[in-house]
Amino acid sequence: MRMKKVISSLLIASALTFSATTVFASAGSSLFNSEGCIACHTINGQGGSVGPNLSHVGGKRSLSWIKTQIANPGAHFASGSSVTINGKPYMAIMPAHKHMPASKLNALADYLESLK
Ligand code: HEC
């Protein structure tokens, strides 16, 4: 009887964690559209190609690297220079999002980091 209770609370806890993660990820993916990232970047076949495809960006970049890239891309790539990412050449023209509120920055970066 006691064990059953423990197991069912574990199940409830994991269900809650799952839905929280799902909501979080979808907040990030809608920000990806509403913040204009999609104009230059493709995820899962949708978006532009001015910048690199981000469908698997979480497999090679860390969360903190991604946050820095969004807020201040110049910290990684000299603005206006030509850079090679995933074997393809790009002109480093990503706009800085220095004034993006932390809540948006975190949701977007968490979403991108989850794309492996
Ligand atoms: C005007 C086009 C443009 C927009 C808008 C844009 N980016 Fe970029 N992005 C680029 C380019 C070009 C690069 C290549 C490096 C650079 O410019 O700094 C890049 C690089 C990146 C990278 C590094 C990818 C890798 O594989 O290393 C990430 C992550 C990224 N952008 C995320 C975003 C997010 C999130 C947004 C929206 C808030 C966004 N970008 C908006 C053009 C853009």
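Q: How do the residues of the shell around the ligand divide into nonpolar, polar and charged?
A: This is a predicted model, and in it 27 residues surround the ligand. Two of the shell residues are charged and five are polar. The nonpolar residues in the shell number 20.

Q: Which element gives the largest share of the shell around the ligand?
A: The closest residues to the ligand are Cys 37, Cys 40, Gly 51, Pro 73 and Met 94. Looking at elements, those that give two or more residues to the shell are helix H2 (63-71), strand E3 (82-85) and H3. The largest share, three residues, comes from H2.

Q: Is Met 94 buried or exposed?
A: Let's place Met 94 first: it sits in the loop between strand E4 (88-91) and H3. Met 94 and Cys 40 are 54 residues apart in sequence, and their C-alpha atoms are 8.6 Å apart in space. A residue counts as buried if 20 or more other C-beta atoms lie within 10 Å of its own. Met 94 has 21 other C-beta atoms within 10 Å, so Met 94 is buried.

Q: What span does helix H3 reach from its first C-alpha to its last?
A: Helix H3 covers residues 102-113, which makes twelve residues. Among its residues, Ala 107 and Tyr 111 are buried. At 1.5 Å a residue, the expected span is 16 Å, and H3 comes close to this by reaching 16 Å.

Q: Which word describes how H2 and H3 are oriented to each other?
A: H2 passes H3 in a right-handed crossing. Their axes are 9 Å apart, and the packing angle is about 125 degrees. H2 and H3 are therefore oblique.

Technical notes:
Residues are numbered from 1 along each chain as its sequence is written. This is a predicted model: local features need pLDDT of at least 70, side-chain atom pairs count only at pLDDT 80 or more; totals for chains, interfaces and linings use all residues. Helices (H or I, at least four residues) and strands (E, at least two) are DSSP runs, numbered from the N terminus. The expected span of a helix is 1.5 Å times one less than its number of residues. A residue is buried if 20 or more other C-beta atoms lie within 10 Å of its own, exposed if 12 or fewer, and partly exposed in between; C-beta atoms are placed from the backbone. A residue is near a molecule or strand if its C-beta atom, placed from the backbone, lies within 6 Å of it. Ala, Val, Leu, Ile, Met, Phe, Trp, Tyr, Cys and Pro count as nonpolar, Asp, Glu, Lys and Arg as charged, and the others, Gly among them, as polar. Axes are lines fitted to C-alpha atoms, for helices over the stretch in contact, and angles run from 0 to 180 degrees between N-to-C directions. Angles under 35 degrees count as roughly parallel, over 145 as roughly antiparallel, 65 to 115 as roughly perpendicular and the rest as oblique. A crossing is left-handed if the near helix is turned anticlockwise from the far one by less than a right angle, and right-handed if clockwise.
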